[in-house]
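Me: Could you take a close look at one residue of your choice in this model? After that, please lead me on to other spots that a computational chemist might like to inspect.

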Amino acid sequence: LGWDPFEPTVVWPEYSVPPRRVDYALCHPAKKPAVFIEVKQPGQTDAADNQLFEYAFHEGVPLSVLTDGQTWSFYLPSGQGSYDDRRVYRLDLLERKPEEAVEKLERYLQQSRIASGAAFDAAQSDYKSRSRQQQAKAVIPEAWKELVDAEDSRLIDLVSEATERRGGVQPSRADLTDFLSRIRFAPTPVAGVVPT
């Protein structure tokens, strides 16, 4: 990625953020941290983001990474919302193709992109895009309710056609609107329960 691991003022291990230390600071220019990287044992990254955000906040570091070697989470500490909301991208090296892993690591951590500000710009752009997607996802139940309440003919026609294909008989409009009115609201997820 273009960083000199043998220059400790550029790739700075155990960077001091009193009273603690962050595992690595990628510095540009030398001695000025641009990225903090916190490294944990495999599977031990839960709750480590709090520590990482505290470090980044105190030092004004614009980009932070939390990794256990397999999973890399890229964060914008200055973003809004929870820690998860401020995660720009989560890269699991075992789940992604090598080309995608290379592209993401270069996108956020390439030394020349950090130096030019392109990595931070890309992270901000990805953060905004992710935020817009989350907003859209949150309104899906309202859009569904609107369609059902309006008894939208396109929705009724789609359900009618699918029912006829499966059962061989076209249902009555009254049966369709009754069914749709009973599923007006999407179920609210319960924390810790995975729908079946």
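Reply: Happy to! Let's begin with Thr71, which lies in strand β5, the run of residues 71-75. Please keep in mind that this is a predicted model. Thr71 has a relative accessible area of 10%, so it is buried, given that buried means under 20%. Setting aside neighbours within four places in sequence, you will find Thr71 in contact with Leu66, Arg90, Leu91 and Asp92.

A good companion to look at is Ser64, a residue of strand β4, which covers residues 63-67. Its relative accessible area is 0%, and Ser64 is therefore buried too. Beyond its neighbours within four places in sequence, Ser64 is in contact with Phe36, Leu52, Ala56, Ser73, Phe74, Tyr75 and Pro77. Three of those names, Ser73, Phe74 and Tyr75, fall in β5, whose range is 71-75. Leu52 and Ala56 are also partners of Ser64, and they sit within helix α1, residues 48-59.

Helix α1 leads us to the empty space in the model. Searching the whole structure for cavities of 30 Å³ or more turns up one, and the volume of the largest cavity is about 30 Å³. Around it you will find Val17, Pro18, Pro19, Arg20, Glu54, Tyr55 and His58. The element that gives the most to this lining is α1, with three residues. Sorted by class, the cavity lining has four nonpolar residues, two charged ones and one polar one.

Two of the cavity-lining residues, Pro18 and Pro19, deserve a second look for their backbone. The peptide bond that joins Pro18 and Pro19 is cis, with omega at about 10°. Pro19 has its place in the loop between β1 and β2. There is also a cis peptide bond between His28 and Pro29, where omega is about -10°. Pro29 is in the loop that runs between β2 and β3. These bonds are worth checking because most peptide bonds are trans.

Strand β1 offers another backbone detail. Glu14, found in that strand, is not a glycine, yet its phi is positive, at about 50°. For context, most residues other than glycine have a negative phi. Glu14 has a relative accessibility of 41% and so counts as partly exposed.

Just before it in sequence comes Pro13, also in β1, which spans residues 11-17. With a relative accessibility of 39%, Pro13 likewise counts as partly exposed. Not counting residues up to four places away in sequence, Pro13 touches Pro8, Asp23 and Tyr24. For a sense of scale, 40 Å separates the C-alpha atoms of Pro13 and Ala136, which are 123 residues apart along the chain.

Tyr24, one of the residues that Pro13 touches, takes us to the largest pocket. This pocket has a volume of about 220 Å³. Tyr24 is part of its lining, along with Leu1, Gly2, Trp3, Pro5, Val11, Leu26, Ile37, Val39, Trp72, Leu105 and Leu109. At least two lining residues come from each of β2 (20-27), β3 (33-39) and α2 (98-109). In terms of class, eleven of the pocket-lining residues are nonpolar, one is polar and none is charged. Notice Trp72 in that list: its number places it in β5, the strand of residues 71-75 where we started with Thr71.

For a last stop, let's turn to a pair of helices. Helix α5, residues 153-167, packs with helix α6, residues 173-182, at an angle of about 105°, and their axes are 10 Å apart. The two are therefore roughly perpendicular to each other. On the α5 side, the contact is made by Leu155, Ile156, Val159 and Ser160, while α6 brings in Arg173, Leu176, Thr177 and Leu180. By class, this contact has five nonpolar residues, two polar ones and one charged one.

Arg154 has its place in α5 as well. At 59% relative accessibility, it counts as exposed, since exposed means over 50%. If you draw a line from Arg154 to Glu7, C-alpha to C-alpha, it spans 64 Å, for a pair that lies 147 residues apart in sequence.

How values were computed. Residues numbered from 1 in each chain as written. Predicted model: local features only at pLDDT ≥ 70, side-chain atom pairs only at ≥ 80, totals over all residues. Heavy atoms only, no water. 1 Å grid on protein atoms, 1.4 Å probe; cavity = no way out; pocket = protein on both sides within 12 Å on 5 of 7 lines; lining within 4 Å. Points joined across faces, edges and corners; volume = space filled by probe spheres on them. Helix = DSSP H or I, 4+ residues; strand = E, 2+ residues; numbered from the N terminus. Nonpolar A, V, L, I, M, F, W, Y, C, P; charged D, E, K, R; others polar. Axes fitted to C-alpha atoms, helices over the stretch in contact; angles between N-to-C directions. Parallel < 35°, antiparallel > 145°, perpendicular 65-115°, else oblique. Contact = heavy atoms within 4.5 Å. Buried < 20%, exposed > 50% of the residue type's maximum accessible area, 1.4 Å probe, protein only.
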